[in-house]
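Visitor: I'd like a close look at a single part of this one. Could you pick a strand and walk me through its surroundings?

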Amino acid sequence: MIAISAKEVAAAVGGDLDGDGSVSIEGAAGLDEASEREISFFHNTKYIESLQKTRARVVLIPKDLNGTPLPTGKTLIRVGNAQWAFAQVLGLIDQQRQHHPKGIHPKAHVEETARIGGGTAIYPGCYIGHNVRIGEKCILYPNVVVREDAQIGDRVIIHAGTVIGADGYGFATQGGHHHKIPQIGKVVIEDDVEIGANVAIDRATTGATRVGAGTKIDNLVHIAHNVQIGRDCLITGQVGIAGSARIGNNVMMGGQVGISGHLTVGDGAVIAAQSGVMSDVEPGAVLFGSPVRPIKQAMKLQAIYGKLEDIYSTVKQLKKKLL
């Protein structure tokens, strides 16, 4: 059974303890769902009612809650960022809960020419190809495929069913037929990247498809050949990025965003869900729609679309009067 004291939690997250530090927690949950044996967190004043009613005996709260009524009879841990502190607590719990394989599971297949760093766990059903390099303290969950020549950095997490280094989609048309273009490049995944389940990251035609350090990729994402993704990007489910696109640092993409090939998305851009990007995006832009527009403009257009039937009816009546 997991048991961590409030005092240990405060020390782990660098927080200030207010209350009984001997209270033990055995899990974590949201304010509304938490039991007396679980820790929770409060980070937004719109959840003040939930904070007052929560059964959690230990709650992480921001240090700057001036004037906010706090519940009595709780052990409070004051932190700079309650959400980040809660993530750290989940990490503590996960360390005690998880039982990763020690190294390479016997039912994984690793080619002799592959090299794998210390502390890396490879689950059953994984295939690691020729000349692959995998760094230290990585986790590859069941049925991950890492094809030949791929390079994976340290502390990378790859979830089940993902394929790294499948052939890029390249064909030359000659004489009315489509002929395969050999894909002889590789994939480079830098340090601290997390890749969700059933993701496909294709090898480059030549050179490398690259995912920058700290980037987090959700389930069911496709990254095509020769794409370059910068550092600390957030790419959510069902995003598709076409070949040779260049994505800057700290870019955020909502679900089902489509990025056309051979274009550039600047640093810090935010692209809302279900948007279609067909031209270069300036750094820091916030876009929505298909094709994308600045989000305020796109929202105005969406409001107008909803009134088109009434507008058409009015124009039709005016036309009858004029004629």
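Guide: Here's a walk around strand S6 and its neighbours. Keep in mind that this is a predicted model. S6 covers residues 58–62, and five of its five residues are buried, so the strand is largely enclosed by the rest of the structure. The cut-off behind that word is a relative accessible area under 20%. Look at how the side chains split: Val 58, Leu 60 and Pro 62 point one way, while Val 59 and Ile 61 point the other way, and all are buried.

Now for the company S6 keeps. Strand S5, residues 38–41, runs parallel to S6 and is joined to it by three bridges. If you want a spot to zoom in on, Phe 41 has Leu 60 of S6 as its bridge partner. To get from S5 to S6, the chain goes through helix H2, residues 48–53, and this β-α-β crossover is right-handed.

S6 also pairs with strand S7, residues 75–79, again in the parallel sense, this time over five bridges. Leu 60 turns up here too: its bridge partner in S7 is Ile 77. So start from Leu 60 when you're turning the model: Phe 41 is its bridge partner from S5, and Ile 77 is its bridge partner in S7. The side chain of Leu 60 points the way Val 58 and Pro 62 do, and all three are buried.

Conventions. Residues numbered from 1 in each chain as written. Predicted model: local features only at pLDDT ≥ 70, side-chain atom pairs only at ≥ 80, totals over all residues. Heavy atoms only, no water. Buried < 20%, exposed > 50% of the residue type's maximum accessible area, 1.4 Å probe, protein only. Helix = DSSP H or I, 4+ residues; strand = E, 2+ residues; numbered from the N terminus. Pairing = 2+ DSSP bridges. Right-handed = clockwise from strand over helix to strand, strands pointing away.
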